[in-house]
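The exercises below are meant to be worked through with the sequence and the model side by side. Try each task before reading its solution.

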Amino acid sequence: MPPPLPRPTGDVPAPRQERGHVRTWTPQGPLDVRRTLMPLRRGPADPAFRIDADGTVWRASRTPAGAGTLRLRGSSAALEAEAWGPGAQWLLDALPALLGADDDPSAFTPRHRVVHTAHRRHPGLRLTRTGLVLEALIPSVLEQKVTTAEAYRAWRLLLFQHGEPAPGPRADRMRVMPDAQGWARVPSWDWHCAGVDDKRASTIMRAVRLGARLDALTSLPAEEAGTRMQSVPGIGPWTAAETLQRSHGAPDAVTVGDLHLPHHIGYALTGARRSDDATMLDLLAPYAGQRHRAARLIVMAAPSPPRHGPRLAPNPPTRHS
C-alpha cells in the first residue's frame, strides 16, 4: 500500500479572478466619490451598492447592454474603474457622467449661511447622472408613503429573490435588479411578503411594461422627462423628482410631497420646527435652477428638527385567507 500523500503546507492561493474591463479617469476639480454616489445606495444593506472599509465603491446595474458590476477605487487624482458583465463597457463609457462630469457646480451661489458653510466644506460634491430611468424609478416607487426602513427592506428582498448575481468577484453578495420581464414575473405573494402594497406594485408593473420607453427619457431635458414620467398612473411629482435627481443629475428637481424634507429645510433656514411644501419652495426660490443642490447641502450640513414622537414601526406581512 503506497504511503499517503503529504498534506500541503503554507497558504493555499485563492482562485484567480477574471480581470474585468478597466478605465482610468481623472476628474476636473475636486470630487468626493462617496458623497456624489451616495444617493444611489438604498440603505446600508443595498445588494446593488456596497462600500468597502477602504473606500472602494461597488455598484451593480441593469444597463441597456445587460447586467454589469462597476468597482471604483483610487483618489480624485486618478480613479481606476473596473467593470464586469455584458454591461461592463456601457458602465465605463458612462463613468464621467456618473461621477458628475456633466454637473456644473459653478452655477450655484449660496444665499444662506448654512448653505455657504456646506458648500465650502464639501467642494467635491457633484450630482450623479446614471442615465438609467427605470433603475432609479422602481426603488423610488417602493419608497412612496412608507418608512425608509420598509422601502429598503422591500428593495433588498426583491433583489435577492428575483434579481441575478452581479457579474464579477462579488457575485455571492451583490445582485442586479431584474429586467422588465423579471419584474413582471414577480408573484403577488412576493410583493406582499416584501411589504409592498397593491398600489405600488401596480405602479411598478405599469412602468416595466413601458421599459425602454422610460429609459429613453434620459435623452430629454429633466423637466420634459418629468412631465412624461408623470403621465404614468401612480407616478407623481415626488417620485419623478427622486428619479430625475439620479437618472438626469437634475440640479433643480426639488422633492415635493416629502414627509420630512420641508421641516428639515424650514428648520435649517428659519428655525421653525414645522413647514410645508409651499414654505420650502419659497425658501428655496433664491436657488431657482439649483434647488436640489441647495436642498442636498442643507440636509448634509444642518440638523433636522427634533421629533415629536417615536418612529413608526413597520408591520410584518400576514397571509390573508
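**Exercise 1.** Is Gln144 buried or exposed?

Solution. Before starting, note that this is a predicted model, in which local features need pLDDT of at least 70 and side-chain atom pairs count only at pLDDT 80 or more, while totals for chains, interfaces and linings use all residues. Residues are numbered from 1 along each chain as its sequence is written, and side-chain values use heavy atoms, with hydrogens and water left out.

Step 1: the relative accessible area of Gln144 is 13%, so Gln144 is buried, where buried means under 20% relative accessible area, exposed over 50% and partly exposed in between (1.4 Å probe, protein chains only).

Step 2: Gln144 sits in the loop between helix 5 (133-142) and helix 6 (148-162); helices (H or I, at least four residues) and strands (E, at least two) are DSSP runs, numbered from the N terminus.

Step 3: once its neighbours within four places in sequence are set aside, Gln144 is in contact with Arg200, Gly234, Trp238 and Thr239, contact being heavy atoms within 4.5 Å. For Gly234, the backbone oxygen lies 3.0 Å from a polar atom of the Gln144 side chain.

**Exercise 2.** Describe the setting and the backbone of Lys145.

Solution. Step 1: Lys145 also belongs to the loop between helix 5 and helix 6, and its relative accessible area of 82% makes it exposed.

Step 2: most residues other than glycine have a negative phi. Lys145 is not a glycine, yet its phi is positive, at about 55°.

**Exercise 3.** Which residues of helix 11 are buried, and what covers them?

Solution. Step 1: in helix 11 (residues 222-229), the buried residues are Ala225, Gly226 and Met229. They lie on the same side of helix 11, because they cover an arc of only 100° around the axis; the arc is that of the directions from the helix axis to the C-beta atoms.

Step 2: on the face turned away from this buried side, helix 11 carries the exposed residues Glu223 and Thr227.

Step 3: the cover over the buried residues of helix 11 includes helix 5, helix 10 (212-215) and helix 12 (237-247).

**Exercise 4.** Work out how the strands are ordered in the sheet and how strand 4 is placed.

Solution. Step 1: the open sheet is formed by five strands in the order 1-5-4-3-2, with antiparallel pairing; two strands pair if DSSP finds at least two bridges between them. Strand 1 (21-25) and strand 2 (49-51) stand at the edges with a single partner strand each, so one side of each is left without a neighbour in the sheet.

Step 2: strand 2 is joined to strand 3 (residues 57-63) by three bridges, and Ile51 has Val57 as its bridge partner in strand 3.

Step 3: seven bridges join strand 3 to strand 4, with Arg59 opposite Leu70 in strand 4, and a hairpin through two residues connects strand 3 to strand 4.

Step 4: strand 4 pairs with strand 5 (residues 78-84) over seven bridges, and here the bridge partner of Leu70 is Ala83.

Step 5: seven of the ten residues of strand 4 (residues 66-75) are buried, so strand 4 is largely enclosed by the rest of the structure.

**Exercise 5.** How do helix 4 and helix 15 cross?

Solution. Step 1: two packed helices are described by the angle between their axes and the distance between the axes. The axes of helix 4 (113-121) and helix 15 (291-301) come within 9 Å and cross at roughly 85°; axes are lines fitted to C-alpha atoms, for helices over the stretch in contact, and angles run from 0 to 180 degrees between N-to-C directions.

Step 2: helix 4 and helix 15 are therefore roughly perpendicular to each other, since angles of 65 to 115 degrees count as such, under 35 as roughly parallel, over 145 as roughly antiparallel and the rest as oblique.

Step 3: Val114, Val115, Ala118 and His119 in helix 4 meet Leu297, Ile298 and Ala301 in helix 15.

**Exercise 6.** Where is Arg293 found, and what is its polar partner?

Solution. Step 1: Arg293 is found in helix 15 and is buried, with a relative accessible area of 3%.

Step 2: the side chains of Arg293 and Asp103 are joined by a polar contact of 2.5 Å, that is, a pair of N or O atoms within 3.5 Å, of which, within protein, one must be able to donate a hydrogen and the other to accept it, while residues adjacent in sequence count only if both atoms are side-chain atoms.
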